[in-house]
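Open the model in your viewer and keep the sequence panel in sight. This tour tells you what to select at each stop.

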Amino acid sequence: VWDQGHRTLENALRALHEAAGADLAILPQECVLQEADPLPAIARKAAEHRMYVVANLREREGEKTFITSFLCDREGKVVGKYRKSHRLPCENDFALGDDLPVFATDFGPIGLKIGTDHYFPEIDSVLRRRGAKLIAWSTAPFVVRDESVEQISLQGRAIDERVYLAVARYAGKEGYGGYKDAYSWTGTWPIGRAQGIAPC
């Protein structure tokens with residue numbers, strides 16, 4: 001869940017354990033909020049369950065901070081990463097990457113996108129033209145009243161680009177109850193909306 005205090009390494013590892021048996025597990029945007037580097041533990045979990053894992057974390061390099069999706073393979077090796085390359089005017093607390101890589105896996109080529117990248121459909125177009133068959137989107141709640149309209153745009157994107165989309169998103173408050181923080185004006189919170197969309 002998105003609530004403060006729940007985005008811990010322990011909860012991320014628990015989610016990956018629940019996904020055991022899958023070929024690919026995708027964690028949502030900034031899945032762990034802590035100073036220590038959580039990537040080694042996440043990579044070990046990928047190796048333990050012999051699955052690919054997309055982990056989205058804050059990454060520091062020198063004086064810059066990026067929002068980065070790391071791809072771990074079935075052996076627990078980090079085989080690639082994508083640094084969020086687009087942002088909205090209200091997003092100013094991170095640096096931008098400058099590439100849209102596509103990664104080979106044993107089930108096909110995948111591309112990665114993060115959060116508000118969704119508002120830039122050219123990202124999906126470029127990833128598809130670079131060979132991606134699946135785009136894994138790690139995201140967080142948007143400050144909108146109803147996120148269901150995004151599902152319509154995702155379905156259109158999948159059809160237009162002839163690509164599969166997999167969405168990793170947070171649920172609302174634990175137990176799916178109300179929401180009592182800065183997002184409370186949105187009314188009822190969507191129950192996750194993690195989803196897979198086929199291009200048909």
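The stops below go through a predicted model, from a strand to its neighbours, then to the cores, a helix and one side chain.

**Stop 1: strand β8.** Select residues 164-168. Is this strand largely enclosed or not? Four of its five residues are buried, so the rest of the structure largely encloses β8.

**Stop 2: the partners of β8.** Add residues 134-138, which form strand β7. β7 and β8 run parallel and are paired over five bridges. To find the register, pick W137: V167 in β8 stands opposite. Now add strand β9, residues 195-197. Here the pairing with β8 is antiparallel, through three bridges. Pick A166 and look across to G196 in β9. While you have strands on screen, check the side chains: in a regular strand they alternate between the two faces of the sheet.

**Stop 3: the largest nonpolar core.** Which members of this core touch the most others? Select I26, V54, L112 and L165; the core has 29 residues. At least two residues come from each of β1 (24-26), β2, β3, β6 (110-114), α3 (122-129), β7, α4 and β8. A second core, separate from this one, has 21 residues, including L39, I42, L57 and Y170.

**Stop 4: around V54.** Keep V54 selected and show its contacts, leaving out residues up to four places away in sequence. V54 touches L24, A25, I26 and L27. Its contacts also include S69, F70 and L71. L112, A136 and S138 complete the list.

**Stop 5: helix α2.** Select residues 39-48. Which residues of this helix are buried? They are L39, A41, I42, A43, K45 and A46. Note that a lysine, K45, is in that buried set. Next, show what these buried residues pack against: α1 (9-18), β2 (52-61), β3 (64-72) and β4 (78-83). Then step just past the end of α2 to R50, where phi is positive, at about 50°.

**Stop 6: I159.** Go to helix α4, residues 148-161, and pick I159. Is I159 buried or partly exposed? Its relative accessible area is 46%, so I159 counts as partly exposed, between the 20% limit for buried and the 50% limit for exposed. Measure from its C-alpha to that of A198: the distance is 7.7 Å, although 39 residues separate the two in sequence. Finally, show the contacts of I159 beyond its neighbours within four places in sequence: P199 and C200.

How values were computed. Residues numbered from 1 in each chain as written. Predicted model: local features only at pLDDT ≥ 70, side-chain atom pairs only at ≥ 80, totals over all residues. Heavy atoms only, no water. Buried < 20%, exposed > 50% of the residue type's maximum accessible area, 1.4 Å probe, protein only. Pairing = 2+ DSSP bridges. Contact = heavy atoms within 4.5 Å. Core = buried A, V, L, I, M, F, W, Y, C linked by side-chain atoms within 4.5 Å.
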